[in-house]
Structures are given as structure tokens and as C-alpha cells.
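Hello,

Here is the structure I promised to pass on to you. Please open it first, and then read my notes below with the view beside you.

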Amino acid sequence: YGFINTCLKSLVVEKYGEETWEKLRLQAGVQDSFLTFEVYKDEITMQLVNKACKILGVPADMVLREFGEYFFEFCKRSGYDHMLRTLGGNLYEFIENLDALHSYLSLSYQAILFLFVFPQEMNAPSFRVEKNEDGSMHLHYYSDRRGLCHIVPGIIGAAALDFFNIEISMEIVNQTEEEERTGKKEHIVFLVTQNPDFEKAKNTIRDRGSSVCPVKKSHWKTIRGIITLGKGKLLRGFDPVYPKNLWIDTKTFCNGLPFHMVFDKELRVKQAGVSIQKIVPGLQTMGICLDHYFSIVHPEVPFTISSIQKFINSQFVFQTRREMMPESWKHRPMLELRGQMIWMESLQCMLYLCSPLLRTLHELEERQMHIADIAPHDVTRDLILLNQQRLAEMELSNQLERKKEELRILSKHLEEEKKKTEALLYAMLPQHVANQLKEGKRVEAGEFKECTILFSDVVTFTNICAECEPIQIVLMLNSMYLRFDRLTTVHDVYKVETIGDAYMVVGGVPVPVPTHAERVANFALGMIIAAKGVQNPVSGNPIQIRVGIHTGPVLAGVVGEKMPRYCLFGDTVNIASRMESHGVPSKIHLSSSAYQCLKYKNFEMTERGEIEVKGKGKMHTYFLVRNKTATENEIMGRP
């Protein structure tokens, strides 16, 4: 189930970060999120574990143990804390009742199992615990899945420390493939011992006195210290009293416990409840062999008294054999019984106290049974009705979880599209201007006291257009503008617009910077180099461009509502344009103000002298030759 994979993701994200999880899931080839009650293939979990070992450089047993510890905490946070704490008063009882918890959750959640969550057709692991004389325990672990045994010490160790305040160590003392059980299972035997150093540390803290670190008395110790029975006898020393005779007749017993069976060592039926006789008519013939009519579903043991005694603390699930049912009943689903085995030493017989294993009203109807067939005191009645409601709630929860996942994916796609839209918008307008427009605000025009403007155009562009196909012109300009656009990023200048073959950039607008002239100058040098890589479609030679630069004040603002543009206004724009139009092919033409800004900035410049500029009269201008300190690769932004 997705619950396991979600836990594994949570562990990686919490301890190693989102980036590690993203790398892990991509290498494992799995999705980013999992639905809690959705069934996923075991290979997904194993693939995640294997990739985690490689990426983190940690052995598999350590990864699984850490996962086991984290999984215990994850289960507690997911609402299983109270259920787990009530399993037993000590670690032995806790482990002994794990199979019972599996059985309950299987019934309640349709095979959503606690420790190792697997699909319904796959069996949960089974646990059997034995006490040793020295206080240690042998924990027997049976599982269909090989290689996952190292999760067990993580889970059991975390439970021991959290619930019982003891630190344990677990080591594998035997590892076999269990032949005795139906279907080969991995059988691991752990030796469980309590850490003496941890106990010693606890005693030391206790001996220091309550003023240093008081040890809180447990709830049950307090009660046992004050509640007495009879003449001062403590409750924990209670001994039951049994009657000399059993005050119940056979008929009442079989009616009161309609689902029970008694059988001897040879599996011969000695007694059976009335409801089970009704469902399995063959049981009305006393002395028949039980294994002829039933098979053991859980635990997976051979149908013998010795095997049953070995797992007597487990809950047993029996299933009726189809071939022994009446012909008219064989189309029905087979009935399963779930209950407890009790060995009666004096009679040398086994008592099986059970109830029908039914989850919903639909299952009850399929077997043509009724609520009346179940004893009024049997909680199976309530469980069927409650579970009917619970399954509806779970289905609703699943639908909500799927919708949530769909919304998450849609939100992710929407965010990606939003980023694309913003990138396109920021390519057309300055970012702060675009943000103001998005918020519906009016963008006020701004005055910039000093900036540097550049214009460029292609030499003999009119002649080229006259001799070429339109598509050739488009391809030539696109090739050139792609190179120029990259240079705007390299030198951090703002591209204002392109009109035909004219290209306009500005430094110091919309964000004022003191190095505006140097940035535009380096950009211009890069343009001259980049133009050499663009071919003239007429001659086949590299194209030539003219570049003009001027420094001065401007007014900048957004004009228009449809296709809004960020435009520059002022005489500075006109002069920069004149510098370009009065320039020389493959040279960078500077005004005197631009020259003054670059004069002491490690640029080599030559004087052109006075020229007549249309609309401006005589102007003293210069040519920019090169940057004395920057290499061509640095100018072009190459590595």
C-alpha cells in the first residue's frame, strides 16, 4: 500500500532533503507521491530501498533498520499510537499480540496491515515469541518476502524504548527457509536481550533522588499500591476461583456459542456450535475429521495438533472446503472463521472459539447468512455494521486523496505555465514594470539623469532586402538577434526594441547603475564580433553593422494598453540614433559624453574629430576600439 512508500519518502525528505528524494525517485523510476490505500507493486518499495543504499552509501541492513525505526514513529503520528500501546503490558505481550493486530486490521481495513502492509492476496508476516530462562527471548519471524528482516529490529527496538522504556539488542541466530509451513517462507530467529548498560543508567538516575530527576510512578503501579481485595490482598496477586461443577448444559453451551468446535489429537470433531453445523452440515456427524471440511488460512501451518500448539497464541483462520459443501452451495464464496485455540489438557482436546470472518453486509449476503446467525454477544455483529460505514468513509477518503493528487499535479502544471508566461512577459517589459501591470497598477514614467543608449543597424540592408527572398531576410535577422540577445544577458543591459534591422539597448535603465557606459561599450564590442558569424545572403560574406552610442538623461515609461511597450524619450535617444546613422561600417561611434564616461575605464578609443550631424550641427566624436583588460571570450561570455 501507498502508506509504506509514503513513509519511506517522508524519511528521506526529513533526514536528507527534498533534493535527495527527487534524485532517488528519478533513479528508481517511481512517481513523486502515493495514495495511502492504493495497492502498489512490491518492486517499487524494493527499488527505492536499493537506490537509497547506493545514493546514501549505506548498507541495506542499516537502511532497513533506520526505516523500521522511522516507520514506528510514522505509524504513531498516523493515529495508531493508542492501538499499539494497548497490545501488551510488556514487550513479550506486545510481540505476542502482533498477529492479532494484523488480523484485526485485515478485517477492518480489508488487508491494510500494520507492520508490513501488503495486498490482500499477499500474507502479512507472522511472529512467534519464546521466553528463555535468562530473561531473553527468541523472536521467530516468518515472511513471504526475503531480505526485509532487518526492518524488524528497527520497529521492535523503537517500540521497546518508547512503550516500555527499555533498550534491547536483537541479533539473528538462525535463518532458514521454513519447510514446515505451507508455501516456503523465510524464517528468521532473533535473540532479543535487554541492554544492561541502559538499565544501569536508569537505576543510577533513580538512585540520585527525586530532587535531581524524579521518576514518575506509572499509572498501574499507583493503582496496584492502593487497591486491595479481601484481607489486604493486592490486586496483582489475584487468584481466580473455579466452581466444582460446570453449571451449563451441553445444549445451552452449543446455542450460546454457536461458532465453536472441539476436536481431539486425531482432529476428530467432538462438539460443534449450532450455527457452524448449519453452515457446514457435515459437522452434525460427530467423529468426522476436521481437516476434511476446513483448511487453515492463517497461520500457514500444516493441519496437525502439534503445529497448532506451536502457534497457539496466534489467531487462527479456517476456511470451508468447497468440495465438501452441498452442490447447491458451491457457487457461494467460502466462509472463513477467525478465533482462538485453547488446549484442554484434562480432555486432551482443542477448543476453537471463533466467529465468522465477515467485513461487510455484502459478504454476509453472499454467504446467505443473516445477523441473527451470529450470537448477540458476538461483537462481529457490530463490527460488520460499523465496518460498512467505515468502508464508505474510506472510499470517500480515497476519492478526496485522488482529487488532491490531481489538484497537486494541475497546480504544478499551472505553476510551470505561469513561469513560462512570466518569462515571456519579462522578455517584453522590465520585471518591476511587468509586476505592476499584473497587479493592475498604473506605471508612472520615470526620469533617469544619466544612462547610455546604443543603436545599431545592418550596412546596405535596403540593398540586401531588394535582392533576397523575405524568408532569407527573416533567417538572417533572427540569427543576428539571437546572438545579440544572448549578449544582453552577458553584460546586463536592457533591450528596448528592434525595428527592422535596427537594434536598441540601454544601460542604467530601468535599474540605475554607475557602470552603465562600460556595460554598453562591452556589449557593442561583442556585437561587432558576433556579426562576423552572420552571413550576408547575397554575397555570402559576414554582414557588417554600424553602432552608435551616446550618454545622457532620458524619460522612460510604458505606452499603450494593447502590446504595451517600455519606451525611452528625450534628446539622448535622438543623438544616439544619429551616432549610428553617421557611423562607419564595423565600427563603434561614440559621442563626446559617452567618450567622457569611458575615458578612464580601460578602453582604447580613437578620435574621429568634428563631423556634421543632421539636426545637431557639428559634433566632436570618437571610435571605440577595444577593452584593454577583457579578452574576447570574456566579452562574448564564453567559458
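Just after helix α3, Gly57 takes a positive phi of about 65°. This is a predicted model, so please read everything here in that light. Helix α3 itself covers residues 42–56, and its 15 residues at 1.5 Å each should span 21 Å; the C-alpha atoms at its ends are 21 Å apart, so the two values agree. Several residues of α3 are buried, namely Ile44, Thr45, Leu48, Val49, Lys51, Ala52 and Cys53.

One of these, Leu48, leads on to the protein's interior. Leu48 is among the residues with the most contacts inside the largest nonpolar core, together with Leu91, Phe94, Ile95, Leu139, Ile156 and Phe190; this core has 55 residues. Helix α4 (residues 60–85) gives the most to it, with 10 residues. If you would like a place to start looking, try Ile95: apart from neighbours within four places in sequence, Ile95 is in contact with Phe127, Val129, Met137, Leu139 and Ile156. There is also a second, separate core of 42 residues, which includes Met476, Met480, Tyr481 and Ala530.

Now to the strands. Six of them form an open sheet, with antiparallel pairing, in the order β8-β7-β12-β11-β10-β9. Strands β8 (269–272) and β9 (294–298) stand at the edges with a single partner each, so one side of each has no neighbour in the sheet. On average, neighbouring strands of this sheet are turned by 30° against each other, direction ignored. The edge strand β9 is joined to β10 (residues 316–320) by 4 bridges, and the two run antiparallel. Within this pair, His298 stands opposite Val317 of β10.

His298 is worth a second look, as a cis peptide bond joins His298 and Pro299, with omega about -10°. Pro299 sits in the loop between β9 and α12 (305–310). Another cis peptide bond joins Val509 and Pro510, where omega is about 5°. Pro510 is found in the loop between β15 (502–507) and α18 (516–531).

Why point these out? Most peptide bonds are trans, and most residues other than glycine have a negative phi. On the second point, there are two asparagines to show you. Asn165 has a positive phi near 55°, and its place is the loop between α7 (151–164) and β3 (168–178). Asn165 is partly exposed, with a relative accessible area of 41%. Asn602 has a positive phi of about 65° and lies in the loop between α20 (592–598) and β19. Asn602 also counts as partly exposed, at 43% relative accessibility.

Strand β19 (residues 603–613) then pairs with β20 (residues 617–627) in the antiparallel sense, over 10 bridges. These two strands form a hairpin with 3 residues between them, and Gly615 in the turn has a positive phi of about 80°. Val613 has Gly617 of β20 as its bridge partner.

Finally, the overall picture. The protein has 639 residues, of which 45% count as buried, and its secondary structure comes to 21 helices and 20 strands. Among contacts between residues at least 6 apart in sequence, 59% join residues at least 24 apart. The accessible surface is about 34,600 Å², and 53% of that belongs to carbon and sulfur atoms.

Enjoy exploring, and best wishes!

Technical notes
Residues numbered from 1 in each chain as written. Predicted model: local features only at pLDDT ≥ 70, side-chain atom pairs only at ≥ 80, totals over all residues. Heavy atoms only, no water. Expected span 1.5 Å × (residues − 1). Buried < 20%, exposed > 50% of the residue type's maximum accessible area, 1.4 Å probe, protein only. Contact = heavy atoms within 4.5 Å. Areas by Shrake-Rupley, 256 points an atom, 1.4 Å probe, with all protein chains shown as cover. Pairing = 2+ DSSP bridges. Axes fitted to C-alpha atoms, helices over the stretch in contact; angles between N-to-C directions. Core = buried A, V, L, I, M, F, W, Y, C linked by side-chain atoms within 4.5 Å.
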